[in-house]
Amino acid sequence: MGSKLKKFLGIAPRVTREQALDAFHKRYASFRELLQSNARMADIMAGLEAVQSGERHRDVREIRKEARRAIFRCERMAAALDEMSGGKYTALSTAVQNIAARIEHELEQRARGDITELTLPLSEVDASLDYSVGGKNANLGELRNVLDMPVPRGFAITIRAGNIFLLRTPGLFKSIYAQLRSVDAESPSSIHEAARRLEDLILDAPVPETVASALFAEWDATFGDDEDVVTALRSSAIAEDGVQSFAGQYHSILGVTRDDLLLAFKKVVASLFSARALTYRAAHGYALDATGMGLCCLEMVRAKAAGVAFSRHPVDLRSNDVVVNGLWGLGEMVVDGSGTPDQWQVSRATNRITKTTLALKTTRLRLNRTADGRVESVLEPVPEDLRQMPCLSDAQARYLASVVLDVERHYQYPQDMEWAIDEDDQIMLLQTRPMGLDSTSDAQSAPVLGHLRPILAGADVAARGVGCGLVVSVGHGEDMTHFPEGGVMLLRHSCSTAMAAMRRAAAIVAETGSLTGHMASLCREFGVPTLMNLPGATSVLQADQVVTVDALSGRIFDGEVPELLSLRLKRPQPRVDNPALALLRRIAPYILPLHLVDPRAETFTPEHCTSLHDVMRYAHEMSYSQMFQISDSVSERSAGVACRLVAPIPLDLYVIDLGGGLREAKSTSATPEDVTSRPLQHVLEGMLNPAVQAHGPRPVNMRGFLSVMGQSVIGGNQEGCSRFGQRSYAIVSDRYLNFSSRVGYHYAILDTWCGDTLSKNYIRFEFAGGAAANAQRARRVRCIALILTELGFTTEVTGDRVRARYQKYPRHELCARLDQLGRLLIMTRQMDMLMVDEAAVQTYAENFLNGEYH
């Protein structure tokens, strides 16, 4: 027949074997490229998260390089998905371009330390500005604006303002530098003499008009014309309130009014060169002539009580308690150690008070305004009836404990937080800084603990650390809105939807999961100690059991284990004045967070991708769907590429080899012994299992048989009434299988990748249709769903269709389930004839799982 006549009759030309194979190979190659880029992207994100948490050091150049590598990998994933689908996902490439533009904008920006303002309201400050406003301001702004915690009114005086004063006042810094050159860092007397002279130089110098006018303007903008406002002017230097906290090395001046502002400013700046500050700076390797001094001007709380809260016990490293100290009046007596405070110890795991120690409080520090209008702090006696009364209620102590734990979780480091309670019983936070704790290498191992036997061991560590709390079991798809703070989350399988409660978890334990998957990535991002691949965990661990999770050695112990809990203090942390970290903080929101967690949600679209992690998740999910549909492209026109499988199975099965799936790819027929595709081997093993292949007629329920025959006579399944063709296809490679069986009025599709990389492994299965009545078809798929659920699949049933997935498990687990699916594919034939009532659903499922197939 001529080509014109074929065209006239609508007959498409037959595709050559080479053309058909080329089409399959292109889709398969795109799929492999997408999986490879997904794995590389997971590695990049894990590296950036390690830098963010302090486990790894990178400079600015390396951060820029890794960010651009992440963009490239997501571009490849988007392009591969678009190629697989024939151009259906161009919107994803657009989303990548938009996110990349935001990242590039941040990469090209100047460092935040280059801001030109001399003052900033606290409402415009957060931790990313530490290089501009110093640690104390940055932390207060973070508490106020990011964590939404109560902070007094105030403003930041930037490091630029301090530098203008020190560097541009004629002759000042030259004189300062000359004094510092004469200092012998090993001689205390030399340091003290230089500090005294430097203070005189600075106090005698005039404040430049540009700085003075900026300070007064910001005061007026913040406090208005309220003449009763009294502030504390505190130092906020670079590296202060970081891991090297410089706590107590610089001055804070209480009772500052507008009239005192400039003199107080000079006194605090002068403390940059105090004897204590010079000694501390020399001991920790900082230059003596450092000039990075910002200041924090904060309205003073008329405190009824004040103190500090430590998120870890500052002395007993084995304790699992928060420590809250407080006194009547201002908190300076607690901070400088001149007063003995009341103390509450609060369990980190349960938020219960474990110990209360009340002090005899005879004096308190209060603010007093003198007759000439000056404000000063004065010591006064505590009223007799308050001396042995606690300065906090138990509820307030527990609240402060929960707050300081929230701050620790945010910064991923133990915190020392100052607080005050005003005369209306409102709690205000005055500052937070990392506790002064030693840190060791992350490579340090946990102790052997020979006297204790773990209840579980041998887990994979997905995110390092140690956590302790009550076990809370979470089922698949369960609403995590009310997951309790400090609980140990117990999962059967890792699940990125756990993100909703991840910040509240003390630790996470998953029976199975991928160390490079989305959930593991999120756990590292949020600093949650996480164990995965711990068989039996959901059976051994009981709800509300207190356990210690050792995510250093992969163990779980019953109760609190002090020897392990102390190790949480030894995690290395980043320097807060690191420019690479400042850059990473700016670009991380466009790379690391995962917002697209539910593929069923309406927002699971390219348009809702706001981070590269979202792009990665979306492309990975959609690639499964595209490969699931690959058998739809097989037609009689391309059948020449297929090799008929000769085997004693009730299917007319043809194999299309994409590479490594058959011993002889070009042969026209093959036997099961010729199959080298790992997943198809296991499916065939199930189909050929002797128990499934039992001889003799299969028992048939006559009522079911007549129902099937009746439906066939009147047209079968009316919802999709066309009868499928009788050929079945297996598209294979060494690790991949797409199996489609369309027999009679039902079909089954199985799509799987079965390799050595856990994060790539998956099985997707779908079964639908049949010639029986609606009720029997629905019972059959419910029976299949019961079987698959027991085998660990996640299932979804709609009408007479069941969909199931099983992903991110080890290869041997997939192989076992592929064998079971092979058996199920044989046994589902005419199963609808047995589904005469609801009892048959449960009975048949139990029989199948027990190996009773006939």
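## Strands, cores and lone cysteines

Let's start with one pair of residues: Thr752 has Ile763, in β28, as its bridge partner. Keep in mind that this is a predicted model. From that pair we can work outwards to a buried strand, a six-stranded sheet, two nonpolar cores and some cysteines without a bond.

**Around strand β28**

- Ile763 has a second bridge partner to look at: Tyr806, which sits in β30.
- On the β27 side (residues 746-753), eight bridges hook that strand to β28, and the two run antiparallel.
- With β30 (residues 801-807), β28 makes seven bridges, again in the antiparallel sense.
- Buried or exposed, what are the residues of β28? Eight of the eight residues in this strand (762-769) are buried, so β28 is largely enclosed by the rest of the structure.

**The six-stranded sheet**

- Follow the order β9-β8-β7-β6-β12-β13 and you have walked across an open sheet of six strands, paired antiparallel.
- Which strands stand at the edges? They are β9 (353-357) and β13 (427-434); each has a single partner strand, so one side of each is left without a neighbour in the sheet.
- On average, neighbouring strands of this sheet are turned by 15 degrees against each other, if you ignore direction.
- Helix α14 (residues 394-411) lies across β6, β7, β8, β9, β12 and β13, and it runs at about 140 degrees to β12.

**A closer look at β7**

- β7 (residues 321-328) and β8 (residues 342-347) run antiparallel and are joined by six bridges.
- Six bridges also join β7 to β6, and that pair is antiparallel too.
- Gly326 is a handy landmark in β7: Gly307 stands opposite this glycine, and Gly326 in turn stands opposite Asp342 in β8.
- A little further along, Val324 has Trp344 of β8 opposite.
- The side chains split into two sets: Asp321, Val323, Asn325 and Leu327 point one way, while Val322, Val324, Gly326 and Trp328 point the other way, and all are buried.
- With eight of its eight residues buried, β7 is largely enclosed by the rest of the structure.

**Nonpolar cores**

- As a rule of thumb, nonpolar side chains in soluble globular proteins tend to be buried together.
- The largest nonpolar core here has 58 residues, and the members touching the most others are Ile103, Ile587, Ile591, Leu612 and Tyr618.
- Two or more residues of this core come from each of α2 (17-53), α3 (60-85), α4 (90-108), α19 (579-587), α20 (612-628), β23 (652-657) and β25 (727-732).
- The largest share belongs to α2, which gives eleven residues.
- Apart from this core lies another one, of 52 residues, including Cys643, Leu662, Cys783 and Tyr806.
- If you skip its neighbours within four places in sequence, Tyr618 is in contact with several residues, among them Leu81, Tyr89, Phe604 and Cys609.

**A mostly covered helix**

- Seven of the ten residues in helix α11 (261-270) are buried.
- The buried ones include Leu261, Phe265, Lys266 and Val269.

**Cysteines without a bond**

- How many disulfides does the structure hold? The count is zero.
- For Cys74, the nearest cysteine sulfur is that of Cys609, 9.1 Å away. Cys74 is buried, with a relative accessible area of 0%.
- Cys754 has the sulfur of Cys815 at 3.7 Å as its nearest cysteine sulfur. A disulfide needs the two sulfurs within 2.5 Å, so Cys754 is in no disulfide. Cys754 is buried as well, with a relative accessible area of 0%.

Notes. Residues are numbered from 1 along each chain as its sequence is written. This is a predicted model: local features need pLDDT of at least 70, side-chain atom pairs count only at pLDDT 80 or more; totals for chains, interfaces and linings use all residues. Side-chain values use heavy atoms; hydrogens and water are left out. Buried means under 20% relative accessible area, exposed over 50%, partly exposed in between (1.4 Å probe, protein chains only). Helices (H or I, at least four residues) and strands (E, at least two) are DSSP runs, numbered from the N terminus. A nonpolar core is a set of buried Ala, Val, Leu, Ile, Met, Phe, Trp, Tyr and Cys residues joined through side-chain atoms within 4.5 Å. Contact means heavy atoms within 4.5 Å. Two strands pair if DSSP finds at least two bridges between them. Axes are lines fitted to C-alpha atoms, for helices over the stretch in contact, and angles run from 0 to 180 degrees between N-to-C directions.
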